[in-house]
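Visitor: I'd like to go through this one label by label, and hear the reasoning behind each. Could you pull up the sequence and the structure?

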Amino acid sequence: MLKKKLLKKAAVIGMMATMITGCSQEVQTTHVDGLNSLGKIEVVSREEESGTRNVFAEKTGILDETTGKDKATDQSIVADSNETAYEKTAEDKNAIAYVSSGVELDDNKVKTVTIYGNDLTRSFYLAYKGELNDVEDDFVRYISTQGQEVVSEKYTAVAKPGSFLSDKAGGEIKIGGGSLTIPATPLVKELADKYMEINPNAKITVTETDSGNGLTGAMEGTYDIGMSSRELKSYENELLTKVEIAKDEVHVIVNKENPIERISIEQLGEIYTGKLTEWAQLNGKAEDK
């Protein structure tokens, strides 16, 4: 009797395995009409200090943990901003790029591709060394409460918006990190402007640079507060205190003429490391779940 039960159980497991294999084969043999007519994949990356590039490399598994740099192909086009990455994709039907969700996209020129296998979210941080003074603390409290309403207009708030009562502390705050084309900077500029309306005794200046330089400036004292749209490195975490102010989603975009609608996180890694170089190579591999 026990032997029959075991045989029956084995048969059921075998049937389930066959069903799973069949589904997997069905997914892997999905054909995308029109994909074979496209040519070489034009890979568009961001500059090395970009927080967008950092999160993309980490999530797609192409980040070299030893060197801290990604393994993106040398053949990729390097865009110095989200807007440039978008423009290059809009101009070239073979292009693929990644941009912040804060970038406004023209649906007639590009489209967002659905990603399977992992999310491409990242956090925006303010980071500082030592202790905040009165006006700096007041500003950070504003961002963590009432300022989250501003955050939620384009990004995901990290806290429930709440009431804020400024203590009207006076002083100047110097902030740096991320050019005006990097999402964290325009967000912080808007937060600073809104805060100075509430507290006219404060003067906040936001300087154009990138996440790496902004954090270095905070460590060296060039800035009172640094901005970062990437995770802090181990030595940065040791020297700075970070405050999460928003969450952003990185979108993968292709030209509107590209028929592909979905792609896996693994395929993105293969594209950006040069293992997949032609759009036709994805036919039969495009995810369909």
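Visitor: What makes Asp137, Asp138 and Arg141 a network?

Guide: Salt bridges link Asp137, Asp138 and Arg141 together. Keep in mind that this is a predicted model.

Visitor: Why is the contact between Asp138 and Arg141 called a salt bridge?

Guide: The cut-off is a side-chain nitrogen of Lys or Arg within 4 Å of a carboxyl oxygen of Asp or Glu. For Asp138 and Arg141 the N to O value is 2.5 Å, so the pair passes. Both residues lie in helix α4 (residues 134-144), 3 residues apart, about one turn of the helix.

Visitor: How do you know whether Asp138 and Arg141 are buried or exposed?

Guide: Buried means under 20% relative accessible area, exposed means over 50%, and partly exposed is in between. Asp138 comes out at 0%, so Asp138 is buried. Arg141 has 32%, so Arg141 goes down as partly exposed.

Visitor: What about Asp248 and Arg122, what makes them a salt bridge?

Guide: Their closest N and O atoms are 2.8 Å apart, and the limit is 4 Å, so the label holds. Asp248 sits in strand β10 (residues 241-255) and Arg122 in strand β6, so this salt bridge ties together parts that are 126 residues apart in sequence.

Visitor: How do you know which class of accessibility Asp248 and Arg122 belong to?

Guide: Asp248 has a relative accessible area of 2%, so it counts as buried. Arg122 has 4%, so Arg122 is buried too.

Visitor: And Lys247 with Glu244, what makes that a salt bridge?

Guide: The side chains of Lys247 and Glu244 meet at 3.0 Å, N to O, and anything within 4 Å will do. Lys247 has 36% relative accessibility, so it is partly exposed. Glu244 is at 29%, so Glu244 is partly exposed as well. By this rule the whole count comes to 9 salt bridges.

Visitor: Let's switch to rings. How many aromatic pairs are there?

Guide: The count comes to 8 aromatic pairs. One of them is Phe124 with Tyr155, an edge-to-face pair.

Visitor: Why is the pair of Phe124 and Tyr155 called edge-to-face?

Guide: Ring centres must lie within 6.5 Å to pair, and planes over 60 degrees apart count as edge-to-face. Phe124 and Tyr155 have 5.3 Å centre to centre and 75 degrees between the planes, so both conditions are met. The pair links distant parts of the chain: Phe124 is in strand β6 (residues 121-128) and Tyr155 in the loop between α5 (148-151) and β7 (171-176), 31 residues apart. Phe124 has 0% relative accessibility, so Phe124 is buried. Tyr155 has 11%, so Tyr155 is buried too.

Visitor: Then why is the pair of Phe164 and Tyr195 called tilted?

Guide: Phe164 and Tyr195 are 6.3 Å centre to centre, with 55 degrees between the planes. Planes under 30 degrees apart are stacked and those over 60 are edge-to-face, so the rest, this pair included, are tilted. Phe164 lies in the loop between α5 and β7 and Tyr195 in helix α6, so the pair ties together parts that are 31 residues apart in sequence. Phe164 and Tyr195 are both buried. With Phe139 and Tyr142, they form one aromatic cluster.

Visitor: Which residues form the negative patch on the surface?

Guide: Glu149, Glu153, Glu190, Asp193 and Glu197. Helix α6 (residues 184-198) gives the most to the negative patch, with 3 residues.

Visitor: Why is Glu197 called exposed?

Guide: Glu197 has 62% relative accessibility and the cut-off is over 50%, so Glu197 counts as exposed. Glu197 is found in helix α6.

Visitor: One last stop: what makes the phi of Lys168 worth a remark?

Guide: Phi of Lys168 is near 60 degrees, a positive value in a residue other than glycine. Most residues other than glycine have a negative phi. Lys168 lies in the loop between α5 and β7. At 41% relative accessibility, Lys168 falls between the two cut-offs, so it is partly exposed. The C-alpha atoms of Lys168 and Ile198 are separated by 8.1 Å, with the two residues 30 apart along the chain.

Note on methods:
Residues numbered from 1 in each chain as written. Predicted model: local features only at pLDDT ≥ 70, side-chain atom pairs only at ≥ 80, totals over all residues. Heavy atoms only, no water. Patch = residues over 30% accessible without salt bridge, like charges linked within 9 Å, V, L, I, M, F, W, Y side chains within 5 Å. Areas by Shrake-Rupley, 256 points an atom, 1.4 Å probe, with all protein chains shown as cover. Lys, Arg positive; Asp, Glu negative; His and termini not counted. Charge placed at Lys NZ, Arg CZ, Asp CG, Glu CD. Helix = DSSP H or I, 4+ residues; strand = E, 2+ residues; numbered from the N terminus. Buried < 20%, exposed > 50% of the residue type's maximum accessible area, 1.4 Å probe, protein only. Phe/Tyr/Trp six-rings, centres within 6.5 Å; stacked < 30°, edge-to-face > 60°.
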